[in-house]
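Biologist: Could you take me through this model one site at a time, giving the reasoning behind each answer?

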Amino acid sequence: MVKKLSKKEIDDFNKNVRKQNLVWDSFNNKDKNSCFKFSEKYKDFLTKAKTERAAVNEIIKAAKKNGFSNIDDKKLTNGKYYKNFNNKAVALAVTGKDDLSNGLNIIGSHLDSPRLDLKQNPLYEEVDLAMMKTHYYGGIKKYQWLARPLAFHGHVVLNDGTIVEIIVGEKESDPVFVISDLLPHLARDYHSKKVSAAFEGEKLNIITGSIPIGGKDIKDRFKLNVLYYLKEKYNIIEEDFISAEIEIVPAGPAKDIGFDRSLIGGYGQDDRICAFTSLESILEVSKPKRTSIAVFFDKEEIGSEGNTGAKSSFFKDFISDLLTKESIDFSERALRKTLINSMMLSGDVNAAIEPDFQDVHEKSNAARIGHGICITKFTGSGGKSGSSDASAEFVGKIRNIFNKNKIIWQTGELGKIDQGGGGTIAKHLAAYGINIIDCGPALLSMHAPFEVSSKADVFITYKAYKAFYQS
Ligand SMILES: [Zn+2]
C-alpha cells in the first residue's frame, strides 16, 4: 500500500531533502562586489607566490604588517606569532582566551605545486640550441608543459654561501623559456602510442638560447654562451647549479576567465587557494576563544616528505614554542594534550566535475564548481587506502559550524571508486590524535599549468575558514 501525502505534507517533507546550493544564487550585489574585490587580492598572491619560497615570503610580509612577531624573538609576547622554517614552511598563531591544552583550531595547507625542477647538471646543447634538463616534481600530465611559455625561478647558493635569486619570465618585458613539441605532420607514430609512452620525462628539456660564443672551432659554444651570460649577469658558474633549486613554472599572471569574469585561471591554485584564504582569515582573527593556527607546509605533492613537509617535526616544534611562549610548563605530555584536543581543517582542493570528462566522477558524490567549500571526509585510493577518514562526530561538528554561519558547503569524493585517487597532509597530522578533515574548494584542471577556480568558492572558503577560527 503506497502512503498518500497531501501537497503540503510533500512540500514540508521536501525541506528535508539535501539540496546543492550554488553560491551565485545566494549573492546580492554587495556580496558579489566583495567577492570580486577579494579575488583581485587572491590573483595578486597567485602571481607573486609561484614557488614555496615566494609564498613564505608573502605570508611573512603580510603577517608582520598585521602585527605578528617572530616566535623565536624572546622579548615579544603579544599573542600573535609566526615561525619561518628554512623559508619553505611557515606557521602563524593567534592565541585565544582558552588554555592551549584545551586544544587549537588549526588550518593546514601546502605551498608547493607540481612543476619542473632543473636537474643538478642541467646544461647541454643539441642541434645548435642551448638546452637545460628538468626533472618533474609532483603529479603532472607531461604533455601540458610543452609549447607554452615558461618562467625560471632560481635560488642558487654559490660556493661561498652567497645566495643569488633569479626570476626570468614573469615581467612583461622578460624573455620566457619553452619545451618544443613535435609538429602534427610528423607525429603519426606518436599518435598511435600510449600517452605515457609518447611523452617521456627525459624529454622535458627547455630551450635557453641559440646564439653561440667564439669561433667555429670551439666545442659546446651554444652551452658556453649561456654560461657566459649567467656569469656576467649573476656571477654563476656551472658547478653552482648543483647547489641550486631552480623551478620552471608557467609564465605570466593569474587571469579572470569568462565573459562574466566569474572564474580564475592560474598556476599553483592547488594549494595556494587554501594558503591564501587561511592566511586572510587568520590575519583578521582577534581574541578568539581557542588559539587559531595557520600552518603552511612544503613537499605535499611528493608525499609530505623532507624536513619542511607535514611528516617533519616542524609543526610540533611550533606548538612547543607556543607552549613555552605562553609560559606553560613544557612537557611532552602538555604538547600531546594540546594536540589531542585540537581540531584541524586540512585545507586542500578537491576535483570539480570536469565538463568534458564527467565519466570519471560519481556525480552524487562529486564536487561542483561554484557550490562552495567542499568537505572531503576521506581521500586515498582502492578502498580508502592511505586516507585518514574523519569521524562522523567531527564531520558533524564542522557541518554545524558551517550551517550556523550560513556557509555554503558541499561534499565530494576524489573521483569514482577505483578511478585513481590521491592523498593530502591529513593523515600525517591525524597521527598526533588531532581531529582533522580535508576541507577546501574544488578546482577544474587540477595540477595543470593553468588551474581553474570559481571566485565564489574562493570567497566562501575564506568565510568558512574564518567561521572555523571563531568557533
Ligand atoms: Zn594539494
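**A buried arginine and a zinc site**

Modeller: In this predicted model, Arg115 has a relative accessible area of 4%, and because buried means under 20%, Arg115 counts as buried.

Biologist: Which side chain does the side chain of Arg115 meet in a polar contact of 2.6 Å?

Modeller: Arg115 belongs to strand E5, which covers residues 115-126. Beyond its neighbours within four places in sequence, Arg115 touches residues including Glu52, Glu247 and Tyr267. The polar contact of 2.6 Å, however, joins the side chain of Arg115 to that of Asp117.

Biologist: What span should helix H4 have, at 1.5 Å a residue?

Modeller: Helix H4 comprises the 14 residues 52-65, and among its buried residues are Glu52, Ala55, Val56 and Ile59. The expected span is 1.5 Å times one less than the number of residues, and the end C-alpha atoms of H4 lie 20 Å apart, which agrees with the expected 20 Å.

Biologist: Which protein residues are the donors of the zinc ion, and what is the geometry of its site?

Modeller: The donors, lying 2.0 to 2.8 Å from the zinc ion, are His110 through NE2, Asp270 through an OD atom, and Asp348, which is listed with OD twice. His110, in strand E4 (residues 104-110), and Asp270, in helix H8 (residues 269-284), link distant parts of the chain, being 160 residues apart, and both are buried. Because four donors count as tetrahedral only if all angles lie between 85 and 135 degrees, the angles of 50 to 146 degrees among the four donor atoms leave the site irregular.

Methods: Residues are numbered from 1 along each chain as its sequence is written. This is a predicted model: local features need pLDDT of at least 70, side-chain atom pairs count only at pLDDT 80 or more; totals for chains, interfaces and linings use all residues. Side-chain values use heavy atoms; hydrogens and water are left out. Donors are N, O and S atoms within 2.8 Å of the metal (3.2 Å for Na, K and Ca); water is not among the atoms, so sites may look incomplete. Four donors count as tetrahedral if all angles lie between 85 and 135 degrees; four count as square planar and six as octahedral if opposite donors are over 155 degrees apart and all others between 65 and 115; anything else is irregular. Helices (H or I, at least four residues) and strands (E, at least two) are DSSP runs, numbered from the N terminus. Buried means under 20% relative accessible area, exposed over 50%, partly exposed in between (1.4 Å probe, protein chains only). A polar contact is a pair of N or O atoms within 3.5 Å; within protein, one must be able to donate a hydrogen and the other to accept it, and residues adjacent in sequence count only if both atoms are side-chain atoms. Contact means heavy atoms within 4.5 Å.
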